[in-house]
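Hi,

Here is the structure I promised to pass on. Have a look at it first, then read my notes below.

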Amino acid sequence: MNIEILVHTLATDSIGARAAARLAQSFVARHQVTVVTVRGAAEPHPALRLPAEADVLALAPSVAAGDRDDDETSQLVIAGDPEFRRYNRADDERLRTHLSASGADVVVALSSALGAALAQCRVPHARRIARQPAPVERLPESVRARWAELYSELDAVVPLTRADAAAPEYGALRAAGVEVRQIPEPMLLAESPDKPTTGVVISAGRLVSHRRVEVALHAFAQTRATQPGWQLRVVGTGPLRRETRELVTALGLHDHVLLFDREVGEEDYYDADVALVTAERQDSARPVVEALAQATPVIATDAPFGAPEVLSEGRGGLLVPVGDVHATARALERYMADGSLRSAHRAQALRIAQSAGTEQVGDAYEELFGAVKAGVRGRWGRGRRRTGGDAPAEARTVPTADCRVLPDGAWEIALSGVSGARSVRVKEAGKGRKGVVDFPVEGGGSRARIDARALAVLGEGRADVYVVDGRDKERRLRYGRCTLGGARDIGHLSDLNHFHWVLPYATEGGYFRLRVWSRPSHAELVTVDYSDTSLWLTGWLHGEWQLGGELMLLLRRRQEPARTLAAGRVRFESGWFGAELNMDEAMRARLLMRENWDVLLADSGGGEPVRVARIADDQVVRRDVQRFPELVREEPAGLFGPDVDRAVVGLRPYFTADNELSLVVTEHP
C-alpha cells in the first residue's frame with residue numbers, strides 16, 4: 001500500500017516529528033511510505049533517524065515551522081484546538097490541493113489539528129485515519145463537540161491509551177461506523193537488558209508545572225545521605241528552566257544534577273539505571289514506555305492515562321502516589337541499593353515494552369487497515385507511488401554510525417546505509433594534523449570494534465570518522481544513536497602512561513565526530529563543595545606527576561595584566577587530591593569589576609601547571625548542562641586598608657568549552 005503520514009514538520013526534533021519517524025519505521029518494510037510535512041524544509045532533523053526508504057514531501061518548504069505566511073486563521077483546524085494558532089488559510093489550501101491528488105491508499109494524521117483537517121478534505125480512494133496523541137477529555141470543552149462531529153467523517157481513529165479509548169466520544173464515533181482501535185506509539189527497543197551500570201537517574205519531559213520536576217529533585221535529594229554516588233539528569237525544554245536550576249542550587253545538588261535543554265532520546269534512557277516520571281497528569285504512557293523499551297525500570301506516578309496502563313507494582317517498575325516526595329524517595333532508594341532488583345526489572349521492562357516495538361505496532365496497524373472495509377470509501381491496491389520531490393529517499397541514504405560502549409571500554413560501531421564497507425577510519429581534523437587510525441569492519445560489513453587504546457596515538461583536538469570501501473573511497477559517517485553510559489569507567493585505560501579520553505558527538509550538521517583529550521598529566525575534578533569563605537575541590541591525578549614535594553593550587557588570570565597566584569596547598573594520597581580555594585585570594589588579586597581565573601595544579605617537578613578539569617565522563621561539553629552556584633561575601637575589613645570601602649564580591653566556578661574549571665569573580669554593585 002501507499003501510506004502517507006501527515007505531520008506538522010520534520011525540521012525540528014519534536015515529539016510529533018519523532019512520532020512520524022517511528023511510525024514510518026513501522027510501515028516501511030511492507031509499504032510505500034511518504035511523510036507529508038505542512039511546514040518546513042523536507043530534509044528531516046538529523047536526530048529523527050527517519051528511515052531512508054521513506055519519502056518526504058514538504059508542502060511549504062520555505063515556511064519555517066513557527067512562521068505564518070498568511071494572516072487569515074485556518075478554517076480546517078478547530079478554533080480552540082491546542083495547535084490552532086499553528087495553522088492558517090495558506091496551510092488549508094496546500095492541504096486540500098495535495099490530498100485531492102495524493103494517490104495514497106491510507107493517510108494517517110498525527111495530531112487532533114491535522115485529524116480535523118483530514119476529515120474535511122477529499123482524498124480519493126484513501127482510508128483516512130487520525131491518531132489522537134492526547135486524551136479527548138484534555139481538549140477544551142468548546143472543541144469536543146466539533147471534534148466528534150468532524151472525526152465521524154473519518155474511517156478510523158487511533159487513541160494511544162485504553163482509558164482514552166473508553167471515553168464517551170469514542171462510543172459516539174463507533175456508533176457512526178468509525179473504527180476505533182487503541183494502538184501504542186511505536187518505540188525502538190534495546191537489543192538486550194544487559195547494559196552497563198551507570199549510577200544515573202533520568203527525569204525527562206517538558207519543564208512545565210504539571211510535570212512536577214520539583215518532586216523528582218526533592219526525592220533525589222533525600223537519597224543523598226544513603227546513596228551519595230548517584231547522578232540525576234533532568235532532560236527537557238520549557239518555561240520552568242530557571243526555576244528548576246534555582247531549586248538544584250537551593251538543594252545543594254549542583255554537583256549531582258545535570259540539566260539538558262533538549263528533547264530526550266532513546267540513548268538517554270539506555271544510559272540510565274532508573275527513570276523517574278513524577279507528572280501529576282499524563283497524556284499517554286509514552287514517557288514510561290520509552291524508558292521500558294530501553295530496559296530501564298521506571299518509578300512513576302499512578303496518574304490516569306499513563307503508567308498504570310503498562311506497569312503493575314513490582315513488575316518493570318514501581319508506582320507512587322502523585323506528589324508524594326517521600327514515597328518517591330523510598331522507591332529510588334530501593335533501586336539504588338539493590339542491583340539485583342534493577343537487573344530483574346530491566347528484563348521485565350523490555351518484555352513489557354515488546355508490544356510497542358515498531359514491528360508489533362506495524363502489525364497492529366495492518367489489522368486496523370484490514371478492519372476498514374474495502375469499497376466503503378475507496379479502493380485497495382498499491383496505486384501509484386508518490387515520490388518525495390523535495391527529499392527523495394536515495395538522497396537521505398547516507399552512511400550512519402550507532403555506537404555503544406562495551407564493558408571493557410571499547411566501542412561497538414553499528415553501520416547503516418552502507419554496503420561494501422572495509423574499515424572505519426578515524427582522522428584528525430584541522431590543518432596540519434595527520435593522525436589516522438583504521439578499524440576493520442566485521443559482521444558482514446555492518447559492525448566495527450573501536451579500541452580506545454588504539455586511539456591513544458591521536459593528539460588533543462577533534463577527529464572525524466569515515467567508512468572506507470574496498471577501493472579506499474571514504475564517506476563521512478552521520479551520527480546515529482550513541483549510548484555512552486559505560487564511558488565513566490576509566491579502569492580500562494589505567495595502563496597508559498598519559499591521560500587519554502575520547503568521546504563521540506554530533507556536529508551541527510549531524511556528522512559523527514570525536515573529541516580527543518590527550519595530555520601527559522591530568523587532574524580530574526570529582527566534587528566542588530562550599531563553605532562560607534571557600535571552595536573545596538577533590539579529585540584524582542593521572543599521568544606523569546612528580547609528587548615528591550608539594551602540590552600547589554594556582555589561579556591564573558585571563559585578562560591583562562596576566563598573573564598567576566598561589567591559592568593554597570593541596571593534600572594528596574593514593575592518587576587523590578583535596579584542596580581549599582579560599583575566596584580571599586581572588587578578592588585581593590582582582591583589578592576589574594569582572595574577571596576570569598583558570599584553576600590549575602602544579603607539582604614540585606617544575607613542569608607546566610595542569611588545568612583542573614572534569615573530562616573522564618560521557619559529557620563532551622559540560623558547561624551547557626552543569627552550573628555551579630555563586631559564593632558571595634563582603635570583603636573582610638581592612639583588606640585594602642582602613643579607608644577603602646568594602647565591596648560585595650561573588651565567585652562562581654564554571655566549566656569552559658574544554659570541560660576545564662575556571663572562576664568568574666564579580667564585584668556586585
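Strand E26 (residues 551-557) and strand E27 (residues 564-573) run antiparallel and are joined by six bridges. Bear in mind as you read that this is a predicted model. If you want one pair to find on screen, try Met 552, whose bridge partner in E27 is Arg 569. Together E26 and E27 make a hairpin, with six residues between them.

E26 has another neighbour too: strand E29 (residues 594-602), which is antiparallel to E26 and linked to E26 by six bridges. Here you can look for Arg 556, which has Asp 598 of E29 as its bridge partner. And how much of E26 is covered? Most of the strand: five of its seven residues are buried.

Next, scroll back to the open sheet. Seven strands make up this sheet, in the order E3-E2-E1-E4-E5-E6-E7, and the pairing is parallel. At the edges sit strand E3 (55-58) and strand E7 (179-180), each of them pairing on one side only. Further in, strand E5 (residues 127-132) and strand E6 (residues 156-159) run parallel, with four bridges between them. One spot to check there is Ile 129, which stands opposite Ala 156 of E6.

Which helices pack on this sheet? One is H1, which touches strand E1 (2-7), strand E2 (32-37), strand E4 (106-109) and E5. The direction of H1 makes about 170° with that of E1. Another is helix H2 (residues 89-100), in touch with E1, E2, E3 and E4. For H2, the angle to the direction of E1 is about 175°.

Now for some helix pairs. When two helices pack, people describe them by the angle between their axes and the distance between those axes. Start with helix H11 (residues 325-337) and H12: their axes come within 5 Å and cross at roughly 95°. That is why H11 and H12 count as roughly perpendicular to each other. On the H11 side, the contact is made by Arg 334, Tyr 335, Met 336 and Ala 337, and on the H12 side by Gly 339, Leu 341, Arg 342 and His 345. Sorted by type, the residues of this H11 and H12 contact are four nonpolar, two polar and two charged.

H11 also packs against helix H7 (residues 213-223), this time at an angle of about 55° and with the axes 8 Å apart. H7 and H11 are therefore oblique to each other, and their crossing is right-handed. From H7 come Val 215, His 218, Ala 219, Phe 220, Gln 222 and Thr 223, which meet Val 325, His 326, Thr 328, Ala 329, Leu 332, Glu 333 and Met 336 of H11. The residues of the H7 and H11 contact split into seven nonpolar, five polar and one charged.

Last stop: helix H10 (residues 286-293). Seven of its eight residues are buried, so to speak of H10 as mostly covered is fair. The buried ones are Pro 287, Val 288, Val 289, Glu 290, Ala 291, Leu 292 and Ala 293. What covers them? The cover includes helix H1 (15-27), helix H9 (266-270), strand E11 (274-277), strand E12 (298-301) and helix H12 (339-353). Just past the end of H10, look at Ala 295, which takes a positive phi of about 60°.

Happy browsing!

Methods
Residues numbered from 1 in each chain as written. Predicted model: local features only at pLDDT ≥ 70, side-chain atom pairs only at ≥ 80, totals over all residues. Heavy atoms only, no water. Buried < 20%, exposed > 50% of the residue type's maximum accessible area, 1.4 Å probe, protein only. Helix = DSSP H or I, 4+ residues; strand = E, 2+ residues; numbered from the N terminus. Contact = heavy atoms within 4.5 Å. Pairing = 2+ DSSP bridges. Axes fitted to C-alpha atoms, helices over the stretch in contact; angles between N-to-C directions. Parallel < 35°, antiparallel > 145°, perpendicular 65-115°, else oblique. Nonpolar A, V, L, I, M, F, W, Y, C, P; charged D, E, K, R; others polar. Left-handed = near helix turned anticlockwise from the far one by under 90°.
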